[in-house]
Amino acid sequence: MDRLTLDVANAVSFLPQNSLAGIEPEVLSARDVLENGSGAGNDFLGWVSLPESIAEGDLKRIEDEVARLKALARKLVVVGIGGSYLGARAVIEALGGRGTDGMEVVYAGHTLDEAYYRRLMRCLEDEDFCVVVISKSGTTTEPAIAFRMLRSELERRYGREGARQRIVAVTDGAKGALHGMAAGEGYPAYVIPDNVGGRFSVLTPVGLLPIAAAGFDIRSLVAGALAMRTQVKSTPMSAPLQYATVRNLLYRSGKKVEVMSSFLYDMHYFAEWWKQLYGESEGKDAKGLLPYNLSFTTDLHSLGQYIQEGERLMFETLVKSTGKGGSLTVEQASDNSDGLDYLCGKSLTEINRCAERGTMMAHHDGGVPVIEVGVDKIDEASLGELIYFFEYACGVSGYMLGVNPFNQPGVEAYKRNMFKLLGKPGV
Ligand code: PA5
């Protein structure tokens with residue numbers, strides 16, 4: 001398969017000559033540390049071999065579960081936050097939100113805002129719904145509060161037994177409050193492997209179950225990831241290693257921000273997933289590129305000015321589709337009062353591509369190094385490739401940076417303060 005392309009020419013042009021070759025031994029050694037499991041955080045490397053270790057039975061069980069849920073409701077509330085939320089949403093939104101015969105997925109547990117929950121409960125008012133609750137620790141406050149609310153609503157409507165049929169848990173196999181509840185109530189439960197951290201868990205039931213429920217092909221997603229896994233195993237300087245190399249060189253040359261941009265509207269949540277992946281993995285020990293997400297052309301009319309002429313602190317990673325599109329065209333109008341006749345017959349895809357090319361040229365000329373990651377089209381297979389590409393590059397990059405890419409000690413600070421303020425027993 002292997003359809004992903006990587007173009008680093010417009011980033012390398014900002015680096016001293018031969019710097020790529022100079023750093024190659026370092027990147028290969030970081031890859032070996034990742035593959036041998038000899039680095040920091042090596043008890044969280046289960047994701048590395050996930051694409052080849054997902055069994056037919058695992059996929060079948062998820063597909064059967066989805067068929068059972070679909071017979072009960074057309075709406076699914078997916079409860080989770082961070083790594084237990086963003087991967088599923090990234091793929092579902094990138095594929096347009098709902099596939100053929102898919103459930104309508106709505107999200108909870110990723111915010112504490114009361115207005116959001118009032119709206120959510122209103123939108124569930126007249127409809128049957130099921131809940132997939134996802135939390136590795138099983139104790140994260142945001143999803144726990146949302147789940148309590150949704151479970152009460154299900155129990156009020158269908159009784160305790162009816163609620164049991166409509167709830168699926170994805171959590172630790174042995175510990176945590178959610179594990180205890182699932183065991184006690186008899187909810188169908190899926191295990192998040194101990195050695196897979198939240199932000200690397202999209203290819204476990206954390207991502208696969210909601211993605212399948214939304215009507216998308218999880219087998220193609222896994223096959224895409226496997227194609228990228230095969231590339232990293234068979235090619236010394238594989239695409240993820242090249243990306244890791246260039247972004248590290250740019251960081252060392254003084255760039256502090258990496259912007260992920262895309263002209264594909266539905267890729268917004270993919271970049272949100274990437275933002276968490278890199279932000280939580282690298283932002284520690286007072287180091288790390290700040291990952292930032294921009295949707296173009298929308299954001300060209302807000303941050304376009306800064307990118308073009310503001311402080312030169314960033315480089316850009318563009319995710320693009322290279323395949324054909326284009327049945328929606330600019331039509332002939334009754335007159336040319338809007339001056340758009342020169343676009344007649346051109347498709348929106350063609351116009352968007354010109355905006356993309358023009359923007360990348362302008363950014364490069366304005367002093368912004370540009371890395372381009374292309375796939376021929378956005379589908380399950382290419383998203384699987386992209387996911388594994390960015391995950392693998394993240395592991396290698398983190399080791400090149402000299403941090404443990406698989407912990408997130410800083411995330412605890414806000415929780416400690418919040419629990420104290422809320423008077424949580426024992427804190
Ligand atoms: O990547 C991570 O580890 C975090 O973003 C977690 O996924 C997030 O905090 C949610 O944790 P949990 O799945 O334990 O509820």
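User: What makes a residue pair a polar contact here?
Analyst: A polar contact is a pair of N or O atoms within 3.5 Å, where one must be able to donate a hydrogen and the other to accept it. This is a predicted model. By that rule, 9 residue pairs are in polar contact across the interface of domain 1 and domain 2, both residues at pLDDT 80 or more.

User: Which elements give two or more residues to the side of domain 1 that touches domain 2?
Analyst: Helix 10 (218-234), helix 12 (268-282) and helix 15 (380-401) do. Helix 12 supplies the largest share, 8 residues. By type, that side of domain 1 divides into 16 nonpolar, 4 polar and 9 charged residues.

User: Where do domain 1 and domain 2 lie along the chain?
Analyst: The domain assignment puts domain 1 at 5-38 + 221-409 and domain 2 at 50-216. Their centres, taken over C-alpha atoms, are 29 Å apart.

User: How do you know that the two domains touch?
Analyst: Contact means heavy atoms within 4.5 Å. On that basis, 29 residues of domain 1 are in contact with 23 residues of domain 2. The area buried between domain 1 and domain 2 is about 2200 Å². Carbon and sulfur atoms give 70% of that area. In domain 1, Val222, Tyr269 and Gln276 lose the most area to domain 2, together 27% of what that side buries.

User: Why is the pair of glutamate 52 and lysine 233 called a salt bridge?
Analyst: The cut-off is 4 Å from a side-chain nitrogen of Lys or Arg to a carboxyl oxygen of Asp or Glu. The side chains of glutamate 52 and lysine 233 meet at 3.3 Å, N to O. That is within 4 Å, so the pair counts as a salt bridge. Between domain 1 and domain 2, the count is 3 salt bridges.

User: Why is arginine 252 called partly exposed?
Analyst: Buried means under 20% relative accessible area, and exposed means over 50%. Arginine 252 has 44%, so it falls in between. Arginine 252 belongs to helix 11 (residues 239-252). Beyond its neighbours within four places in sequence, arginine 252 is in contact with Ile23, Glu26 and Met400. Its C-alpha atom is 9.5 Å from that of leucine 401, 149 residues apart along the chain.

User: What makes helix 9 largely enclosed by the rest of the structure?
Analyst: A residue is buried under 20% relative accessible area. In helix 9 (residues 205-213), 9 of the 9 residues are buried, so the helix is largely enclosed. Among them are Pro205, Leu208 and Ile211. Glycine 215 follows helix 9, with a positive phi near 100°.

Technical notes
Residues are numbered from 1 along each chain as its sequence is written. Side-chain values use heavy atoms; hydrogens and water are left out. Domain bounds come from an automatic or database domain assignment. Buried area is the accessible area (1.4 Å probe) that two parts lose on being put together, summed over both. A polar contact is a pair of N or O atoms within 3.5 Å; within protein, one must be able to donate a hydrogen and the other to accept it, and residues adjacent in sequence count only if both atoms are side-chain atoms. Helices (H or I, at least four residues) and strands (E, at least two) are DSSP runs, numbered from the N terminus. Ala, Val, Leu, Ile, Met, Phe, Trp, Tyr, Cys and Pro count as nonpolar, Asp, Glu, Lys and Arg as charged, and the others, Gly among them, as polar. Buried means under 20% relative accessible area, exposed over 50%, partly exposed in between (1.4 Å probe, protein chains only).
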